[in-house]
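Biologist: Hi! Could you pull up the model so we can go through it together?
Modeller: Sure, here it comes.

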2 protein chains.
Amino acid sequence: MYRSHTNGELNAKNINEEVTLSGWVHKIRNKGFMVWVDLRDRYGITQLIFDEERTPSEMMKLASTLGREFVIQITGKVIERESKNPNIPTGDIEILVNNLTILNEALTPPFTIENETDGGEDLRMKYRYLDIRRKSVRENLVFRHKVTIAVRNYLSNKDFVEIETPYLIKSTPEGARDFVVPSRMNEGQFYALPQSPQTFKQLLMVGGMDKYFQIVKCFRDEDLRADRQPEFTQIDCEMAFVEQEDILNTFEGLTRYLLKEVNGVEIGDFPRMTYDDAMATYGNDKPDIRFGMKFAELNNLTQHKEFNVFNNAELVVGIAVPGGNSYTRKEIDKLIDWVRRPQVGALGMVYCRCNDDGSFKSSVDKFYDQEDLAKWAEATGANKGDLICILSGDTNKVRAQLSALRMELAERLGLRKPGEFAPLWVVDFPLLELDEETGHYHAMHHPFTSPKPGQLELLDTNPGAVKANAYDLVLNGNEIGGGSIRIHDKNTQGVMLKHLGFSEEEAKAQFGFLMDAFEYGAPPHGGIAFGLDRLVAILGGQETIRDFIAFPKNNAGRDVMIDAPAFIDDEQLKELNIKLDIQA
Amino acid sequence: MYRSHTNGELNAKNINEEVTLSGWVHKIRNKGFMVWVDLRDRYGITQLIFDEERTPSEMMKLASTLGREFVIQITGKVIERESKNPNIPTGDIEILVNNLTILNEALTPPFTIENETDGGEDLRMKYRYLDIRRKSVRENLVFRHKVTIAVRNYLSNKDFVEIETPYLIKSTPEGARDFVVPSRMNEGQFYALPQSPQTFKQLLMVGGMDKYFQIVKCFRDEDLRADRQPEFTQIDCEMAFVEQEDILNTFEGLTRYLLKEVNGVEIGDFPRMTYDDAMATYGNDKPDIRFGMKFAELNNLTQHKEFNVFNNAELVVGIAVPGGNSYTRKEIDKLIDWVRRPQVGALGMVYCRCNDDGSFKSSVDKFYDQEDLAKWAEATGANKGDLICILSGDTNKVRAQLSALRMELAERLGLRKPGEFAPLWVVDFPLLELDEETGHYHAMHHPFTSPKPGQLELLDTNPGAVKANAYDLVLNGNEIGGGSIRIHDKNTQGVMLKHLGFSEEEAKAQFGFLMDAFEYGAPPHGGIAFGLDRLVAILGGQETIRDFIAFPKNNAGRDVMIDAPAFIDDEQLKELNIKLDIQA
């Protein structure tokens, strides 16, 4: 037996007990006649003491050979510590060692195993197994486990059944690129890894499983942006005989439970907002509502003077920055530079200071008088001491720009508080989205989403105006879940696929099995999927998903620790009936 | 709202309530003036009644248009049933319908949605979503969910952390064939799908996670035998600072918990048996010990006469078949034919009847007298009325043959009782196994398994004799789990890989990251993995894993429902920098 206790559990109650402990040498303090070692494992740190007068001399000698991260086993007696450490549970005691065994030596690690490490991202990823020894990373992984077990038990208690769907499925041209898997046994054919279990969960509803969930890996072969992973985890859910209201209530319940169980935060009914309102009020379909700075559309209050920048704009829109009048001219100029950066893309920014004496001072005083500016302040809700920031231009662009500014300012002002949680349902999403490049419409959620009742006809005349039974759950400015009520009859699904540009043959080849299934008694159904990586990060008060994944890949889709992907044998290629096709 | 109740919950307490129900039309009985419908969902069946005198006439009319598997919604009043059905929880009541809505029509299903269906395997798989509507399949999936949630909660309560390991990893030539995934972003390179998370879970131990588990999909591109799937699910576990005894106790605890929780069966300490004993006593490393028929080695009692078949045999071994003396001569001849089938491969079988009067009658009476035969009976434990069956030949072959016969006879005699559970630890497996084709040794468990202390040296002189710290958990004649204590130092791992035929470069390229990790303070560790598909089937009292998988593949690795694998676009191949290489 390697240990009688872990390194997190001994305290004053155990004094005088003989114990056996194992773990890693976290720190060593060697005074010659005495050696202190902090012994670490997942559960905590226990102080060991080797004392010339009380520890056998060969053990004293061995102790002085220890290095950081050596794996050791000791036996000894629990004694009271002279200088207690109130910061750790084992801080009242130490172990007077009488026997030491070195279980494994260790090279000096390439970075320090501390919360604040000296290792850069690349080094930490290459030696991820050492990175995981750091308390902060380890606690993130344990936190993730706590979230998933809470999700599973909550849903299971609500009669949901976790059902595994297959990973080796069929490639569909819709959506992102598939990862594919050549089939050795079916020459020239390929499996695809699922982008989501969407069609399978719908088939489970046709199959009468009624309430399904699964915590499941999904795969997308996309060009990776920062903080995107080619493999990611979803909490995937589907229910039969439900309307949107049933789904919202069920998963609001789950989210409330998690916030209570995992974060100890009680939240009442989640607010709801239409997609159109979210775009108008926050310029964004996943607004962070922990703070205000709501958009005020100012067309009526700005387009009556000679200022052509505003007069020619489709939208003039402003926000009030609390306390922003304290910014110096230089600081405001920097803000203007910020919105002009290519990542944001505004051409400029009009501002208006709200002075403490009730007067206003704007960058467009030439055109607007105090009365005009007072109306702007009223519309944006600006108080004395605030700063009004106004952008103008094409509606979609200017909303995105002002949203970016709003988030940036909130970050600077400390309004995005990690311990505060503000969930929000965004509902009534458009069914279709115009691809500006191709001029084609594609499904905003996915091709299985049902239009709102009575709107199917609009598809021909005004496709962009059709609203869907689709909803997102937003938490602190992040989309943590999204779903829809599905189409459940073959005809509607056919119309939908036609509008998305599928020929009848393509529709049959790709989704024939689903449309066939709809003919054998498909119940009304709908569902939702949560991005687990992001959900866990946000519940954990952070925004970097990589810190909540045990073995993440880098932005080139590589695992730098195991060095994958890699070249494979010609023999292997041959068996799979493929060869490389590389342009020199 | 589609329903106020499910179809499994209404009973006499609800009489006179107005309810709304939804579900599938399971059965219809139409008497003209009255129509009865069995309405089905996952939760049960509720009887609906449409009555000329009490149901609106347009609803009566609509009811007569219903067909099997139509999806409907009704409102009505719960009334007492005249002829009660004590077999179902809702059997005391029925619903007097006043409103009926057809939510979706249904084509006549290609097979009946009953436990005993008229659909063959192929048809059931093509329409798996209809197959799942059958109570037996549905209950298997719910059962599987119950097992997994019990596993997760048990392990979680024991401080295990479920950690997701990556699916896109690196191909290794060891073991079975990998499924590979071409990387678009890394030209000419491939990911591999994991055959198991073995190296990752070991790295998690090096990373100090201490107790890991994961219920995880694994992939093997093997030529499929009956009841093998290219993707399968493991309960994968690993612990640090453990010896074999710790692992055995922990997972005996888990298995005992499952048997109690899921099957309501209490089992005491699991027996243990060495691999050598299992082979000698049952001819098999996964013996079904629900019944006896233990092997008796009869060399000493048979090789003293003129019967050269026995005299020339490496092993003469027999079993006593309880009550087997009742077999007719014809039946025994059939048994002899059975062991001679190519799948078993015996050349013949010697038998000996144990008559009720204490006399014996054998097929080799020419060579052996009553005294000899009495000794055989004593050795095999045969009583009056039994039949002794004896095979002879090469030890390994004859053991496998007699084991097959033992299982076949037990099956015929009804000794393999589904409700009875007999777990068994088989320990002290050989480290290496000789591949008879190539003459090379390969790892019996895997290359990371540690040899028993002090046996490393034997590798050079007698590799087949080296025993490993490896163990299997056997349940009712099936291996449900297997694992080992791992090597945790670089040198031993290097020696092991060398013995398995890896050059130093190959070892570094494939497992360098693991061996590097061993240099940075690797703790002693070990683990186990359970085959979830099989475990669930056996706990469910069945042996066909396919019935416990929602969407299984057939023996050619195809999903016949979605028709995968399939050909993919040339465009897609091009992006992946591969082309097909098919011999015409």
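Modeller: We can talk through one residue, one helix pair and the two chains of this predicted model.

Biologist: Great! Where is B:D236 found?
Modeller: B:D236 lies in strand β10 of chain B, which covers residues 231-240.

Biologist: Is B:D236 buried or exposed?
Modeller: B:D236 is buried, because its relative accessibility is 1% and the cut-off for buried is under 20%.

Biologist: And what does its side chain make a polar contact with?
Modeller: The partner is the side chain of B:Y212, at 2.8 Å from the side chain of B:D236.

Biologist: Which residues does B:D236 touch, leaving out those up to four places away in sequence?
Modeller: B:Y212 turns up again, along with B:P197, B:K201, B:F213, B:Q214, B:V216, B:I528 and B:A529.

Biologist: New topic: helices! At roughly what angle do the axes of α4 and α16 of chain B cross?
Modeller: They cross at roughly 110° and come within 10 Å. Angles of 65 to 115 degrees count as roughly perpendicular, so α4(B) and α16(B) fall in that class. The crossing is right-handed.

Biologist: Which residues meet there?
Modeller: From α4(B), B:F143, B:R144, B:V147 and B:T148 meet B:L532, B:D533, B:V536 and B:L539 of α16(B).

Biologist: Last one: what turn lays chain B on chain A?
Modeller: A turn of 180°, with a shift of 0.0 Å along the axis, gives an RMSD of 0.1 Å. The two copies are therefore related as by a two-fold rotation axis. Both copies use the same surface, as 100% of the contact residues of chain B recur in chain A.

Methods:
Residues numbered from 1 in each chain as written. Chains lettered and ligands numbered in written order. Predicted model: local features only at pLDDT ≥ 70, side-chain atom pairs only at ≥ 80, totals over all residues. Heavy atoms only, no water. Helix = DSSP H or I, 4+ residues; strand = E, 2+ residues; numbered from the N terminus. Buried < 20%, exposed > 50% of the residue type's maximum accessible area, 1.4 Å probe, protein only. Polar contact = N/O pair within 3.5 Å; in protein donor to acceptor, adjacent residues only side chain to side chain. Contact = heavy atoms within 4.5 Å. Least-squares fit on C-alpha atoms with pLDDT ≥ 70 in both. Axes fitted to C-alpha atoms, helices over the stretch in contact; angles between N-to-C directions. Parallel < 35°, antiparallel > 145°, perpendicular 65-115°, else oblique. Left-handed = near helix turned anticlockwise from the far one by under 90°.
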